[in-house]
Amino acid sequence: MPPETDCLRLQELHAADQKDREKVLTSQKEVEALRARDLDRRREALELMSRGEVNTSDDLYRAAVILHHGAEPGDFLIAHRLAVMAAVNGHRPSRWLSVASLDRFLMSVNLPQAYGTQFEYDGEQARYQLRLPVDDASLLHFEKRFFDVPPVLERLAQLNRRLQG
């Protein structure tokens, strides 16, 4: 049996997904076009999964990122599962994605996010802000650090610096 290797098509889909997120979208037309491309990528990632072509931790992470940019609670739940599997397998970036996808799932079913990983762009103020509500009262004091979740103010500063660049 050959060693597991990364799925090249999934690498391409992930690269396209990330390229689409390099700039802030300002028009509804741009947002709709992004949603259509995201849907196509999700469909193809799910097809790759069904054919058994998603095998490595990098594959799990890349597929999770694509599903994380979904539209339905089920997309976010799949992203969470994939990210958790990759994180358990030692893939460090998947730690953050595992809790970010959980936060996104929680918010999609009208529950508060737990880790404070979800932000939104405020067009009127031309800056990012934390999506509310957040209920982190039950988190362990080290939990955010364990999952590589930066402090909210640090993450806001990163996002808003991106707007200026």
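This passage describes the salt bridges, nonpolar cores, helix packing and selected buried residues of a predicted model.

The model contains 17 salt bridges, and several of these converge on one acidic side chain. Aspartate 17 pairs with arginine 21, the N to O distance being 3.2 Å, and also forms a salt bridge with arginine 41, for which the closest N and O atoms are 4.0 Å apart. Because aspartate 17 belongs to helix α1 (residues 8-19) and arginine 41 to helix α2 (residues 28-50), the latter pair ties together parts of the chain that are 24 residues apart in sequence. Aspartate 17 has a relative accessible area of 1% and is therefore buried, and arginine 41, at 6% relative accessibility, likewise counts as buried.

A further salt bridge is found between the side chains of arginine 42 and aspartate 75, with an N to O distance of 3.4 Å. This pair links distant parts of the chain, since arginine 42 lies in helix α2 and aspartate 75 in helix α4 (residues 73-88), 33 residues apart. Arginine 42 and aspartate 75 are both buried. Through salt bridges that share partners, Asp17, Asp20, Arg21, Arg37, Asp38 and Arg41 are joined into one network.

The largest nonpolar core comprises 18 residues, of which Leu10, Leu48, Ile66, Leu67 and Leu82 touch the most other members. Two or more residues of this core are given by each of the elements α1, α2, α3 (57-68) and α4, and the largest share, six residues, is that of α3. When residues up to four places away in sequence are not counted, isoleucine 66 touches Leu10, Leu13, His14, Asp17, Arg41, Arg42 and Ala45; among these contacts are Asp17 and Arg41, the two residues that also pair with each other in a salt bridge. A second core, separate from the one above, consists of seven residues, including Ala114, Tyr115, Leu139 and Val149.

The packing of helices α3 and α4 was examined next. Their axes come within 8 Å and cross at roughly 160 degrees, so the two helices are roughly antiparallel to each other, the angle being over 145 degrees. The crossing of α3 and α4 is left-handed. On the α3 side, the contact involves Ser57, Leu60, Tyr61, Ala63, Ala64, Leu67 and His68, which meet Asp75, Phe76, Ile78, Ala79, Leu82, Ala83, Met85 and Ala86 of α4. Included in this contact are Leu67 and Leu82, both of which are listed among the core members that touch the most others, as well as Asp75, the salt-bridge partner of arginine 42.

Serine 101, which is found in helix α5 (residues 93-108), has a relative accessibility of 0% and therefore counts as buried. With residues up to four places away in sequence left out, serine 101 touches His68, Phe76, Ala79 and His80; of these, His68 in α3 and Phe76 and Ala79 in α4 also take part in the contact between those two helices.

Valine 149, one of the residues of the second core, is placed in the loop between α6 (143-146) and α7 (152-164). With a relative accessible area of 9%, valine 149 is buried, because this value falls under 20%. Its C-alpha atom is separated by 7.2 Å from that of threonine 117, although the two residues are 32 residues apart along the chain. Apart from neighbours within four places in sequence, valine 149 is in contact with Trp96, Val99, Tyr115, Thr117 and Lys144, and Tyr115 is itself included in the second core.

Notes. Residues numbered from 1 in each chain as written. Predicted model: local features only at pLDDT ≥ 70, side-chain atom pairs only at ≥ 80, totals over all residues. Heavy atoms only, no water. Buried < 20%, exposed > 50% of the residue type's maximum accessible area, 1.4 Å probe, protein only. Helix = DSSP H or I, 4+ residues; strand = E, 2+ residues; numbered from the N terminus. Core = buried A, V, L, I, M, F, W, Y, C linked by side-chain atoms within 4.5 Å. Contact = heavy atoms within 4.5 Å. Axes fitted to C-alpha atoms, helices over the stretch in contact; angles between N-to-C directions. Parallel < 35°, antiparallel > 145°, perpendicular 65-115°, else oblique. Left-handed = near helix turned anticlockwise from the far one by under 90°.
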